[in-house]
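Me: I am new to this structure and would like a close look at a single part of it, the nonpolar core. Could you walk me through it and show me how it sits in the rest of the protein?

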Amino acid sequence: MSLSNAAVRDIETVIHPYTNLDTFRTTGPMIIERGEGVYVYDNGGNKYIEGLAGLWCTSLGYNEQELIDAATEQMRQIPFTHVFGGKSHERAAELAERLKAIAPHAASKVLFCGSGSEANDQQMKLVWYYNNALGRPKKKKFISRTRGYHGVTVASASLTGLPGNHRDFDLPISGVLHTDCPHYYRYAEPGETEDEFTTRLAKNLEEMIIREDPDTVAAFIAEPIMGAGGVVIPPAGYFEKIQAVLQKYDIYFIADEVICGFGRTGNMFGSQTFNMKVDSISVAKALSSAYFPIAAVTVGEDMYQAMIDESKKIGMFGHGFTYTAHPVGAAVAAKTLEIYEKRNIVGHVRDVAPRFAAHFARLADHPLVGHARSCGLIGALELVADKKTKKSFDPSLGIAAAVVGAAQKHGLIVRPLAGDIVAFCPPLIINAEQIDAIFAAIEKALDDVEARVTKEGLRAA
C-alpha cells in the first residue's frame with residue numbers, strides 16, 4: 001500500500017493513542033482534513049458521517065460558526081490569562097455560573113481543568129483533601145467499576161476498569177477498588193431477572209465496603225452509561241440500589257458525565273436520566289463541543305467549606321493548572337452551553353432518539369448481532385458468534401474492527417471496543433435522514449463481514 005507524504009511524516013513523528021504502534025507503521029493514519037456538520041473529509045476527498053462525534057465529543061458538529069467566532073473574539077481580547085493567586089477573567093465566572101445553573105446537584109463552585117482525565121484526577125485529590133479537613137485521614141479509598149472508563153492519568157487510569165489501561169503501566173495504584181459492571185446481557189447469571197441482577201450487584205458492593213472497612217472507603221465514581229467499556233446501559237433500578245448503599249456508609253458519589261453530559265441521553269445530564277443523586281460531576285468533551293480542551297468538576301458547599309478551612313490552615317489551595325479556566329476555552333464552552341439552550345438541543349435529541357433506537361432494534365435480528373442497545377443518541381452493537389449462547393468470537397479475529405473498517409468504506413466512522421462491540425455516538429445535531437444513512441452504512445458493513453464469517457467458517461474458530 002502506497003502511503004501519502006502526510007502519512008509517512010505522521011508515522012515518523014507522532015505517537016497515536018489506542019493504536020497498535022507496530023502495525024500502524026505499515027497501515028499509516030487516516031488524515032482528516034476538514035469537517036462540516038456531521039461530516040468529515042479525508043485528504044483523499046472522501047466524505048464520512050462522523051458516527052462517534054470524534055471521540056464522543058463533537059456534539060455540535062464541525063465548522064459551527066458561533067463557536068469559531070467566540071474563540072476568535074476571545075483571542076483578540078485576551079488570548080491567555082490565568083486564575084492563580086486571585087486573578088481571573090469574566091469568561092471564567094460566566095461559564096461557572098452557567099454550569100452551576102444546570103448541574104444535577106447543588107453545586108456551590110466549579111474547579112476547571114483541561115480534560116476529563118484531569119477532572120477525575122482532581123476528584124480524587126479533592127476527596128482526599130476533604131476527608132483530611134474533616135479529620136478522617138483513613139477515609140481515602142475509591143471504588144470504581146469493572147469496564148468503567150475515567151481517564152488515563154495515573155489516578156484516573158487507576159479508576160478506569162479496563163485491563164489495557166493497567167497492563168505494564170503498574171496500575172492501578174493502591175486504594176482503588178473495582179466492583180461489578182452492570183452489563184445484564186453479559187454478566188447476569190442463568191435465569192436471573194434484571195431486578196435480581198441489580199440486587200446482587202448492590203449486595204456485592206456493600207460486602208466490598210464492609211470487607212474494606214467503611215471508615216476507609218471515601219468515594220464511588222460511575223459513568224451513567226459506560227462509554228469506552230462498551231456503551232453499557234444500566235438496568236432499571238440499578239443506581240437507586242447502589243446509592244442506597246453509598247448513603248448508608250457515607251460514601252461520596254461522583255458522576256463521570258464526560259460522555260453523557262449535555263444532552264447525550266435525552267436529558268442535560270445522564271445523572272438525571274438514571275435518577276442518580278450525586279455529590280459532584282466531572283464534565284469535559286461536549287462542554288465545548290470539543291472545540292477547545294476544557295473540563296470541570298463541580299464542588300458542593302460542604303466540600304467548598306472544607307477547602308476554605310484547609311486554606312486557612314495551609315495558607316493556600318495548593319492545586320491548579322496553567323490552563324485552568326483558560327479564557328478561550330471558557331468563552332467557547334460558555335457559547336456552547338448557550339447554543340444548547342437556545343437551539344433546544346435536548347429537545348432535538350428526544351425527537352430523533354426513537355428513530356435511532358428503532359434502527360438498533362431492527363439490527364438486533366442480524367446474524368452477527370447478539371445485543372443492540374441505545375439511549376438518547378448513544379448506542380452499541382455487541383457482536384457474537386452464537387446469538388443463542390452469546391458465545392463471543394475469538395478476539396484475534398477482530399470482528400468488530402472488521403465491521404468498523406467495512407463501515408468506513410461505506411462512508412461511516414464508528415469505533416470498535418473490546419468485546420467485539422461497535423459504538424455509535426453521533427453529533428447531537430444529526431437529523432433523521434442522516435441517522436438513516438448511518439444505519440444503511442452499518443448494515444452493509446455487517447453484511448460484508450457476515451459473508452466473510454460464513455465463507456471462512458469463523459464461528460467455529
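Reply: Happy to help; here is the core, with a little of the setting around it.

Please keep in mind that this is a predicted model. The protein has 16 helices and 15 strands. Its radius of gyration is 22 Å, close to the 23 Å that the globule rule gives for 461 residues, so the protein is as compact as a globular protein of that length. The C-alpha trace spans about 70 × 60 × 45 Å along its principal axes. Of the 461 residues, 52% count as buried.

Now to the core itself. The largest nonpolar core holds 105 residues. Those that touch the most other members are Leu95, Leu99, Phe220, Phe262, Leu383, Phe424 and Ile442. Helix H16, which covers residues 432-456, gives this core its largest share, nine residues.

Leu99 is a good place to zoom in. Leaving aside residues up to four places away in sequence, Leu99 touches Val110, Phe112, Phe262, Val283, Leu287, Ala296 and Leu337. One of these partners, Phe262, is also on the list of residues that touch the most other core members.

Apart from the largest core lies another one, of 25 residues, including Leu126, Phe142, Ala155 and Ile221.

Stepping back to the whole chain, contacts with a separation of 6 or more are 70% between residues 24 or more positions apart. On the outside, the protein exposes about 20200 Å², and carbon and sulfur atoms supply 53% of that area.

Notes
Residues are numbered from 1 along each chain as its sequence is written. This is a predicted model: local features need pLDDT of at least 70, side-chain atom pairs count only at pLDDT 80 or more; totals for chains, interfaces and linings use all residues. Side-chain values use heavy atoms; hydrogens and water are left out. Helices (H or I, at least four residues) and strands (E, at least two) are DSSP runs, numbered from the N terminus. The radius of gyration is taken over C-alpha atoms; the globule rule is 2.2 Å times the number of residues to the power 0.38. Buried means under 20% relative accessible area, exposed over 50%, partly exposed in between (1.4 Å probe, protein chains only). Contact means heavy atoms within 4.5 Å. Accessible areas come from the Shrake-Rupley method with a 1.4 Å probe; for residues, only the protein chains shown count as cover. A nonpolar core is a set of buried Ala, Val, Leu, Ile, Met, Phe, Trp, Tyr and Cys residues joined through side-chain atoms within 4.5 Å.
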